[in-house]
Amino acid sequence: MNHLVLKPCFIALLLFLLAPLIPSLTGARTTLKENEPCKRMVLYYHDVLFNGTDAANATSVIIANHSAISNFEFGMMVVFDDPMTEDSRLLSPAVARAQGFYFYDKKDNYNAWFAYTLVFNSSEYKGTINIMGADPFLEKTRDLSIVGGTGDFFMTRGIVTFQTDELQGDFYFRLKMDIKLYECYKK
Ligand SMILES: *[C@@H]1O[C@H](CO)[C@@H](O)[C@H](O)[C@H]1NC(C)=O
Ligand SMILES: *[C@@H]1O[C@H](CO)[C@@H](O)[C@H](O)[C@H]1NC(C)=O
Ligand SMILES: *[C@@H]1O[C@H](CO)[C@@H](O)[C@H](O)[C@H]1NC(C)=O
Ligand SMILES: *[C@@H]1O[C@H](CO)[C@@H](O)[C@H](O)[C@H]1NC(C)=O
């Protein structure tokens, strides 16, 4: 009889002890403010596409040509190991490398899809930031997802805003990348 009476008390006690966990169990969390990242960096990405003869200078190469089913480079894939600089000059010292690929994946207009790692190995930062998403590059700005990180960017997440900064023929373009992190676990 005694333990039957105690039962509701136990449940109440359990609920009391678990209460702090309940918001995280139900997925409720503090609201993230888009204009208040915990860390922000603006870097420039330089893509120098191999033109058939400039192997020493090029940092990216077409590894699969476009297909015949569309006029928008559909199917073309480019692998890159591109320098990231703090200002827009190609010859400024690289503070990181952008290593990954993009391909064209829209049949009735231009659209690229990026997946790459920003590799930092400087006195300021060591670690990686991993980025992926669609780049409908005819738009003035495009947002891609930061899906994770390592080292100084341990478990980060955020948004990178792309803006085309320069386009020179078929063999060079530059993107301004506004990197906004909303989860920062390392100081
Ligand atoms: C490739 O680029 C290099 C360096 O910019 C240039 O000297 C060369 O003429 C170019 N080759 C072709 C085939 O466009
Ligand atoms: C891709 O195909 C076009 C013709 O559709 C050709 O002119 C071009 O040289 C090819 N590029 C490469 C890198 O194979
Ligand atoms: C980072 O730089 C150091 C010193 O230049 C080098 O020994 C190391 O291999 C580099 N690490 C990576 C992942 O590139
Ligand atoms: C390397 O490529 C860039 C972008 O196309 C060009 O401006 C520069 O002149 C090239 N440098 C050399 C040494 O070919």
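**Notebook: ligand shells and one strand residue**

I began with ligand 4 in this predicted model and found V48, D54, N57, F171 and Y172 around ligand 4. A residue counts as near a molecule if its C-beta atom, placed from the backbone, lies within 6 Å of it. I sorted the shell of ligand 4 by class and got 3 nonpolar, 1 polar and 1 charged residues. Here Ala, Val, Leu, Ile, Met, Phe, Trp, Tyr, Cys and Pro count as nonpolar, Asp, Glu, Lys and Arg as charged, and the others, Gly among them, as polar.

A note on the bookkeeping: residues are numbered from 1 along each chain as its sequence is written, while chains are lettered from A and ligands numbered from 1 in the order in which they are written. Local features need pLDDT of at least 70, side-chain atom pairs count only at pLDDT 80 or more, and totals for chains, interfaces and linings use all residues.

Next I turned to ligand 1, where I listed N51, G52, T53, D54 and N57. That shell holds no nonpolar, 4 polar and 1 charged residues.

Then I picked V61, which I found in strand β2, residues 60-64; strands are DSSP runs of E, at least two residues, numbered from the N terminus. Is V61 buried or exposed? I noted it as partly exposed, because V61 has 16 C-beta neighbours inside 10 Å; 20 or more would make a residue buried, and 12 or fewer exposed.

Leaving out residues up to four places away in sequence, I saw V61 touch F50, V78 and V79, contact meaning C-beta atoms, placed from the backbone, within 7 Å. I also looked up F80: V61 and F80 are 19 residues apart in sequence and 6.6 Å apart in space, C-alpha to C-alpha.

Conventions. Helix = DSSP H or I, 4+ residues; strand = E, 2+ residues; numbered from the N terminus. Contact = placed C-beta atoms within 7 Å.
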